[in-house]
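Biologist: Could you take me through this one and back up each label you use? I'd like to hear the reasoning behind the terms.

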Amino acid sequence: MEITSGCVASFHYRLLDGDKELESSYDDQPMAYLHGKNNIIIGLEDEMLGKVAGDEFTATIPPEKGYGFPRENSVQRVPIKHLHDAKKLKNKLKPGMLVHVNTDQGTKQCTVVKVGRFNVDVDTNHPLAGKALTFEVKIENVRSATEEEIAHGHAHGIGGHNH
C-alpha cells in the first residue's frame with residue numbers, strides 16, 4: 001500500500017545536521033503518523049507521499065518546509081513554575097538548555113536565554129528554525145487509518161498517540 005492521505009505510516013528516521021546526528025528513532029518504536037493531517041513537518045510529509053513499506057530514502061528539507069525561519073523579538077519572560085517538570089529543573093536551568101513551556105495550546109519547546117530566581121527568559125523559536133533538515137528514513141509499515149484516527153486527526157497505537 002502506498003502512503004496517501006488517510007493512511008497511517010510507521011517509519012524510523014535519523015535527523016542529521018551535516019554529519020552530526022541530532023535525533024533517531026532506531027532505539028525505540030517507529031514513529032507513526034496520519035498522512036495529510038500535518039502530524040509531521042510538511043516537507044517530510046511531502047517526501048513520504050507514494051512510498052511503501054520497505055522504502056528507504058534521504059531527504060533534505062528546506063527551512064520553509066521544516067520549522068520555518070527564526071522570528072525576531074521571540075524572547076519571552078516566563079515564570080519557572082510554567083515549565084514542564086519545573087520542580088526537577090528549578091536549580092538546573094542554564095542558558096542554551098531546551099525546555100518545554102506549558103501553554104494554553106499545550107507544551108512548546110523553547111531555548112533558555114537567561115535564568116532568574118523566579119523567571120526564565122526563553123527564545124520561543126523552534127531550535128531547528130532556519131535550518132535545512134536532512135532525514136534518513138525507512139518506511140516500516142503503511143495501513144489504512146481507522147475511522148477513530150481520522151476523526152481524531154492522528155495515528156493511535158505504537159509509535160502514535162495513545163488515549
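Modeller: Sure, starting with a charge and a ring: the charged end of Arg14 sits over the ring of Tyr26, 4.3 Å from its centre. Keep in mind that this is a predicted model, where local features need pLDDT of at least 70 and side-chain atom pairs pLDDT 80 or more, while totals for chains, interfaces and linings use all residues. Residues are numbered from 1 along each chain as its sequence is written, and side-chain values use heavy atoms, without hydrogens and water.

Biologist: What makes Arg14 count as sitting over the ring of Tyr26?

Modeller: The rule wants NZ of Lys or CZ of Arg within 6 Å of the ring centre and within 35 degrees of the ring normal. Arg14 is listed at 4.3 Å, and Lys51 lies over the face of Phe57 at 4.7 Å.

Biologist: Why is His12 called buried?

Modeller: Buried means under 20% relative accessible area, exposed over 50% and partly exposed in between, with a 1.4 Å probe and protein chains only. His12 has 10% relative accessibility, so His12 counts as buried.

Biologist: Why is the pair of Phe11 and Tyr13 called tilted?

Modeller: Rings of Phe, Tyr and Trp (its six-membered ring) pair if their centres lie within 6.5 Å; planes under 30 degrees apart are stacked, over 60 edge-to-face, the rest tilted. Phe11 and Tyr13 show 6.0 Å and 50°, hence tilted. Tyr13 and Phe135, at 6.2 Å and 55°, are tilted too.

Biologist: What does the pair of Tyr13 and Phe135 tie together?

Modeller: Parts 122 residues apart in sequence, because Tyr13 lies in strand S1 and Phe135 in strand S9 (strands are DSSP runs of E, at least two residues, numbered from the N terminus).

Key: Helices (H or I, at least four residues) and strands (E, at least two) are DSSP runs, numbered from the N terminus.
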